[in-house]
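Colleague: I'm new to reading structures, and I'd love to go through this one with you. Could we take it step by step?

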Amino acid sequence: MEQPYESLRCDVAAIRERSPLVHNITNFVVMNNTANALLAVGASPVMAHAEEEVEDMVRLAGALVVNVGTLSPEWVRGMERAMHAAQEAGVPIVYDPVGAGATPYRNAVNDRLLRGARPAIIRGNGSEILAVAAGFGLGAAAQTKGVDSTARSDAAVAAASALSEHLQSVVVISGPTDYIVNGSEIRENGHGTPMMARVTGMGCTATAVCGAFAAVNGDPAAAALHAMTLMGLCGEQAAMRAEGPGSFQAAFLDALYRFEV
Amino acid sequence: MEQPYESLRCDVAAIRERSPLVHNITNFVVMNNTANALLAVGASPVMAHAEEEVEDMVRLAGALVVNVGTLSPEWVRGMERAMHAAQEAGVPIVYDPVGAGATPYRNAVNDRLLRGARPAIIRGNGSEILAVAAGFGLGAAAQTKGVDSTARSDAAVAAASALSEHLQSVVVISGPTDYIVNGSEIRENGHGTPMMARVTGMGCTATAVCGAFAAVNGDPAAAALHAMTLMGLCGEQAAMRAEGPGSFQAAFLDALYRFEV
Amino acid sequence: MEQPYESLRCDVAAIRERSPLVHNITNFVVMNNTANALLAVGASPVMAHAEEEVEDMVRLAGALVVNVGTLSPEWVRGMERAMHAAQEAGVPIVYDPVGAGATPYRNAVNDRLLRGARPAIIRGNGSEILAVAAGFGLGAAAQTKGVDSTARSDAAVAAASALSEHLQSVVVISGPTDYIVNGSEIRENGHGTPMMARVTGMGCTATAVCGAFAAVNGDPAAAALHAMTLMGLCGEQAAMRAEGPGSFQAAFLDALYRFEV
């Protein structure tokens, strides 16, 4: 791999050496995937969601990953407490607003959690980022329906930029091209494969992997770019070996594990 | 593939073209499997269980899949609300009474949910269908213990037929031969492989795939027959490539994805 | 396979013949893995956690597996009730104190559950066993930090021995060498592969597999030794076929299924 990947390789080496604890409060569908992806990269995943222990757990962690895919009030209380404690302890938070815009409850939870603590990184697809931005009165989610995908993508990047400035978070939009948005600064990752959209939880896995990088790299924009690039590169390798989404999943974990630094 | 599969292929093409949203309230064990199977077929899975949002979510969906494998009161409340809202909105419901008959609580939940809303399709194994029918005073579950499997299978089909007429639902009994029972009309699927019983959640996956077909085919009996046939055909293909239940799972998802229409 | 494995093979044959029901109350991350491992060995897994039904369910089971990986108060109440009912009914309990020592809540739960009912087998890694023992005033967990791994391993075995005598449970310490501790009697399993530490839930799977053996073998020390040995042997076979942790998982389940008796 050429020069541009040197800083990525450097971070992967750091993850493997330090094996940072990544505390995940995530959804039921992807817990196994994200734990395995974190282990394959070299990090140490822990899943714990109860109000009774999240504050103690997150203080041991190098990063906190919060993913609202399968919400309920008890879990939201655990997420809120964990995010507060992480912020106080200086533990970087990575936030995944799964399904933002789908239901009023989901929007209310995103608003509440994001007003309570500042994530280092927020990662979602275009429509999720538009919905989160709209919750802060930013962007113009409602008007974007029905427009062509280029305009939609432009609108999402604009909303991400406004959201990034408002929250002082790096905002990642996943898609065929990933946009890593830090205020007005926009970086892109073009690596990846359409097969990644045919496996559940690849977006959630990207969020978790952002957590592993954020645990070893103090620059959230660099951490996010490295995470998305690693996902894309390993996705490309796995796609070459896979005959469908089932074999792709195993090959993807193998590629993460075998990534040469 | 020959002529009889033309209507199956037609439905699969429709699922891939329309990518219907299938709203799942299902058990913790199989969420990942069923989401991946739905994606591999071409549908869009969403998992959401909280009372606070299930009504909003199900109104966006082409089908609702309810599976009581890992029950608790909060989840039952979410299921009940979702089923009511689905019925009002004309969204077809597919119901999986996992473990029916095992505990009084499980039976009480099945009775409550099935009296509250009418599923388009109910899918279970023979003993589950017998237990559900017994809850409505149909069939004779208690007497079937200890009889040989042919008699048991006959009793299950008879109970399914009575249940189907009582609830006006299509009832599917899974097994070496699947029976798709619509009142007095009984269709069979003989495709499949014993390996499917050695992987957790293949029955739950069949239920979820019924949801994908019900979202594009207004005839629940045809939708259920197509779903069970597709499961069986893909199971047969996967078994030829697998060396055990681990490799079977990946090969099965690959087969669903590669199924030619 | 040579002579020493004859009693292991005998137990595996018994599991396949009787297909004992193993009732699991386990964590969200590993439910799918452990259900599939139990099916691959030949047992019948069931997952049920609600207070409303665990007592009825556990009475049908050949073993109860309790794993506190993703705790919350409702689940702890279900675990407590299931353990009481199992003890009354003479159903062997296998207990996995995941993450013991990480948070005060986790320690409090382990203390409460282990004072309420006596497991036949407790399985954890060295630091988890040290933390559980410390909760009973046994061993000297606090002093072991920073010591080299041999001393730490010795300390864990000493703590396991004290815990085993105190609770009258067999205590298993997993690691590169597994120690099966029954009071002052210590047996070892050296089979295994470092790849097992790169897949989430292999420890939890070992605990669940202990449940399958405990259901057919009335000697908990033998059951635990057989379970750990089978895990190690199948891990070694899978490692030879795997290119990373993704392909390892499938190969491991295949190996469990194909294990020759």
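Modeller: Happy to! Keep in mind that this is a predicted model. Let's begin with how the chains are arranged: chain A is superposed on chain B by a rotation of 120° with 0.0 Å of shift along its axis, and the RMSD is 0.0 Å.

Colleague: What kind of rotation axis relates the two copies?

Modeller: The rotation that carries chain A onto chain B is 120°, with a shift of 0.0 Å along the axis. The two copies are thus related as by a three-fold rotation axis.

Colleague: Which residue of chain A has the C-alpha nearest the axis?

Modeller: Start from the axis of that 120° rotation. In chain A, the C-alpha nearest the axis lies 3.8 Å from it, and it belongs to Phe28(A).

Colleague: And what rotation superposes chain B on chain C?

Modeller: For chain B and chain C the RMSD is 0.0 Å, and the shift along the axis is 0.0 Å. In chain B, the residue that comes closest to the axis is Phe28(B), at 3.8 Å by its C-alpha. The rotation itself is 120°.

Colleague: Do chain B and chain C meet through different surfaces or the same ones, and what share of the interface residues tells us?

Modeller: We can ask how many interface residues of chain B are also interface residues in chain C. The overlap is only 8%, so the copies meet through different surfaces.

Colleague: Let's look at where chain A meets chain B. How much area do the two bury between them?

Modeller: On this interface, 26 residues of chain A are in contact with 25 residues of chain B. Phe28(A), Arg198(A) and Glu243(A) lose the most area on the chain A side, together 28% of what that side buries. Carbon and sulfur atoms carry 58% of the area buried between chain A and chain B, which is about 2,100 Å².

Colleague: How many salt bridges are there between chain A and chain B?

Modeller: One salt bridge to look for joins Glu53(B) and Arg106(A), with the closest N and O atoms 2.5 Å apart. Polar contacts are a separate count, with eleven residue pairs between chain A and chain B. The salt bridge count for chain A and chain B is two.

Colleague: Which helix gives the most to the side of chain A that touches chain B?

Modeller: Helix H4 (73-89), helix H5 (104-116) and helix H10 (245-258) of chain A each supply at least two residues of that side. The one that gives the most, with four residues, is H10(A).

Colleague: Now for chain B and chain C. Which three residues of chain B supply 28% of the area it buries against chain C?

Modeller: Here 26 residues of chain B are in contact with 25 residues of chain C. The two chains bury about 2,100 Å² between them, 57% of it on carbon and sulfur atoms. The three that supply more of chain B's part than any other three residues are Phe28(B), Arg198(B) and Glu243(B).

Colleague: Which side chain meets Glu243(B) in a salt bridge?

Modeller: Between chain B and chain C the count is two salt bridges. In the one with Glu243(B), the N to O distance is 2.5 Å, and the partner is Arg241(C).

Colleague: Is Ser72(B) buried or exposed?

Modeller: Ser72(B) sits in the loop between strand S3 (63-67) and H4 of chain B. Setting aside residues up to four places away in sequence, Ser72(B) touches Tyr105(B) as well as His49(C) and Ala50(C). Its relative accessible area is 9%, which is under the 20% cut-off, so Ser72(B) is buried.

Colleague: What is the relative accessible area of Val66(A)?

Modeller: Val66(A) belongs to strand S3 (residues 63-67) of chain A. Not counting residues up to four places away in sequence, its contacts include Ile25(A), Met79(A), Met83(A) and Val94(A). Val66(A) is buried, and its relative accessible area is 0%.

Colleague: One last thing: how many residues does the largest nonpolar core have?

Modeller: In soluble globular proteins, nonpolar side chains tend to be buried together. Here, the residues with the most contacts inside the largest core are Leu64 and Leu163 of chains A, B and C. Leu64(C), for instance, touches Ile25(C), Val58(C) and Met83(C), among others, not counting residues up to four places away in sequence. The size of this core is 150 residues.

Note on methods
Residues are numbered from 1 along each chain as its sequence is written. Chains are lettered from A and ligands numbered from 1 in the order in which they are written. This is a predicted model: local features need pLDDT of at least 70, side-chain atom pairs count only at pLDDT 80 or more; totals for chains, interfaces and linings use all residues. Side-chain values use heavy atoms; hydrogens and water are left out. A nonpolar core is a set of buried Ala, Val, Leu, Ile, Met, Phe, Trp, Tyr and Cys residues joined through side-chain atoms within 4.5 Å. Buried means under 20% relative accessible area, exposed over 50%, partly exposed in between (1.4 Å probe, protein chains only). Contact means heavy atoms within 4.5 Å. Copies are superposed by least squares on the C-alpha atoms of residues with pLDDT of at least 70 in both. Buried area is the accessible area (1.4 Å probe) that two parts lose on being put together, summed over both. A salt bridge is a side-chain nitrogen of Lys or Arg within 4 Å of a carboxyl oxygen of Asp or Glu. A polar contact is a pair of N or O atoms within 3.5 Å; within protein, one must be able to donate a hydrogen and the other to accept it, and residues adjacent in sequence count only if both atoms are side-chain atoms.
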